Amino acid sequence: MEQRHLGRTGLRVSRLGLGTLTWGRDTDEHDAAEQMKAFWDAGGTLVDTADVYGGGEAEYVLGRLLDTLVPRHELVISTKAGSIPDPDRRTNGSRGHLLAALDDSLARLGTEYVDLWQLHSFDPYTPLEESLQALDIAVNSGRARYVGVSGFCGWQLAKAGTWQLSGERTRLAGTQMEYSLLQRGIEREVLPAALDLGIGLLPSSPLGRGVLTGKYKSGTPVGSRGGSEALAPFVEPYLDETASHIVDAVTTAADGLAATPLQVALAWVRDRPGVTAPIVGARTARQLTAALSVESLSLPDEICQALDDVSAPVHRYPDHDWSTL
């Protein structure tokens, strides 16, 4: 698998990442091991997790697979901290919480360091410089090699990235955000900020929460995310008429290329400007193998343009020159 630099850093990662959101919950250790083996055999290196995935179980499962199945030094392990299971305060970006969470993650993963450590989301109740100081401490102490953020909007990313570039601080290597043909909102401000600051983009849900595979065109399949009580609300926003038109376009493009809708949708986001590596989350090794097959596909320019047109978000003032509106 092709390797890419994460932002303006020396860290190289595979251009597809393996997500572990369902590990320890819907994906048991046996299935996780099959996914890891398929990913590694395909040349994949970037494995993404978080301290809250499966209530910590995702990190436990990943930790048990390190070295026993795949050599630790051949993987780029990314995890996150800051999200908390508190309905009154969903994020805790305090320095104390973040560093304690990192120590807990390292213990669950059974490793002395993570390759990429990210703030999981922006905390409006903690000064941003305090949260960012935790990133510097993590790198200076050797507990993290590179750092980034996740879920930051445009101004938040620009502020964080600029702050880290001042003084002797650790620059942000990446930002993780949802990005797909069904969700192009980051093109408004987040992506321009990332490009300007040299921050690599790691798209989550690159298949539109599974909808871009076309499997929901005739209803909700049994066993799918949309059919589960826990994840149905996650999928439902992308089952509207607008999304249906985009899925039809992806299906038409796939038919013309003798490919699958999954391959077309994933190739589109993988090769967008600023993108380093989409994070693919699969419940089974079979699903993951289908995603990994995209490595050999590059979309023709005319197909990319057609998909751009059918999925284009509405960006007006102040994103465009007012005189053109």
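## Helix 5, strand 8 and their surroundings

Helix 5 spans residues 154–165 and has 12 residues. From its first C-alpha to its last it reaches 17 Å, close to the 16 Å expected at 1.5 Å a residue. The model described here is predicted.

**Two helices with a buried side**

Which residues of helix 5 are buried? They are Gly154, Gln156, Leu157, Ala160, Gly161 and Gln164. These residues cover an arc of only 165 degrees around the axis, so they sit on the same side of helix 5. The buried residues of helix 5 pack against two helices and two strands: helix 4 (128–140), helix 6 (190–197), strand 7 (144–150) and strand 8 (172–178). Just after helix 5 comes glycine 167, with a positive phi of about 65 degrees.

Helix 6 has its own buried set: Val190, Leu191, Ala193, Ala194 and Leu197. Their arc around the axis is only 160 degrees, which puts them on the same side of helix 6. The buried residues of helix 6 pack against helix 5, strand 8 and strand 9. Glycine 198 follows helix 6, and its phi is positive, near 70 degrees.

The table sets out the two helices.

| Helix | Buried residues | Packing partners of the buried residues |
|---|---|---|
| Helix 5 | Gly154, Gln156, Leu157, Ala160, Gly161, Gln164 | helix 4, strand 7, strand 8, helix 6 |
| Helix 6 | Val190, Leu191, Ala193, Ala194, Leu197 | helix 5, strand 8, strand 9 |

**The sheet**

In what order do the strands of the open sheet run? The sheet has 8 strands in the order 9-8-7-6-5-4-3-10, and the pairing is parallel. Strand 9 (200–204) and strand 10 (279–281) stand at the edges. Each has a single partner strand, so one side of each is left without a neighbour in the sheet. Neighbouring strands of this sheet are turned by 30 degrees against each other on average, direction ignored.

Strand 8 sits between strand 7 and strand 9 in that order. Strand 7 and strand 8 run parallel and are joined by 4 bridges. Strand 8 and strand 9 also run parallel, with 5 bridges between them. Glutamine 176 takes part on both sides. It is the bridge partner, in strand 8, of serine 150. In strand 9, the bridge partner of glutamine 176 is leucine 202.

**Inside strand 8**

How many residues of strand 8 are buried? The count is 7 of its 7 residues, and the strand is described as mostly covered. In a regular strand the side chains alternate between the two faces of the sheet.

Threonine 175 belongs to strand 8. Is threonine 175 buried or exposed? Its relative accessible area is 0%, so threonine 175 is buried. Neighbours within four places in sequence aside, threonine 175 is in contact with Val149, Leu157, Ala194, Ile199, Gly200, Leu201 and Leu202. Among these contacts, Leu157 is a buried residue of helix 5, and Ala194 is a buried residue of helix 6.

**A polar contact from helix 3**

Aspartate 103 is in helix 3, residues 95–109. Aspartate 103 counts as partly exposed because its relative accessibility is 37%. Which residue does the side chain of aspartate 103 meet in a polar contact of 2.8 Å? The partner is the side chain of arginine 143. Aspartate 103 and alanine 138 are 35 residues apart in sequence. In space, their C-alpha atoms are 9.7 Å apart.

Terms used. Residues are numbered from 1 along each chain as its sequence is written. This is a predicted model: local features need pLDDT of at least 70, side-chain atom pairs count only at pLDDT 80 or more; totals for chains, interfaces and linings use all residues. Side-chain values use heavy atoms; hydrogens and water are left out. The expected span of a helix is 1.5 Å times one less than its number of residues. Buried means under 20% relative accessible area, exposed over 50%, partly exposed in between (1.4 Å probe, protein chains only). The arc is that of the directions from the helix axis to the C-beta atoms. Contact means heavy atoms within 4.5 Å. Two strands pair if DSSP finds at least two bridges between them. Axes are lines fitted to C-alpha atoms, for helices over the stretch in contact, and angles run from 0 to 180 degrees between N-to-C directions. A polar contact is a pair of N or O atoms within 3.5 Å; within protein, one must be able to donate a hydrogen and the other to accept it, and residues adjacent in sequence count only if both atoms are side-chain atoms.
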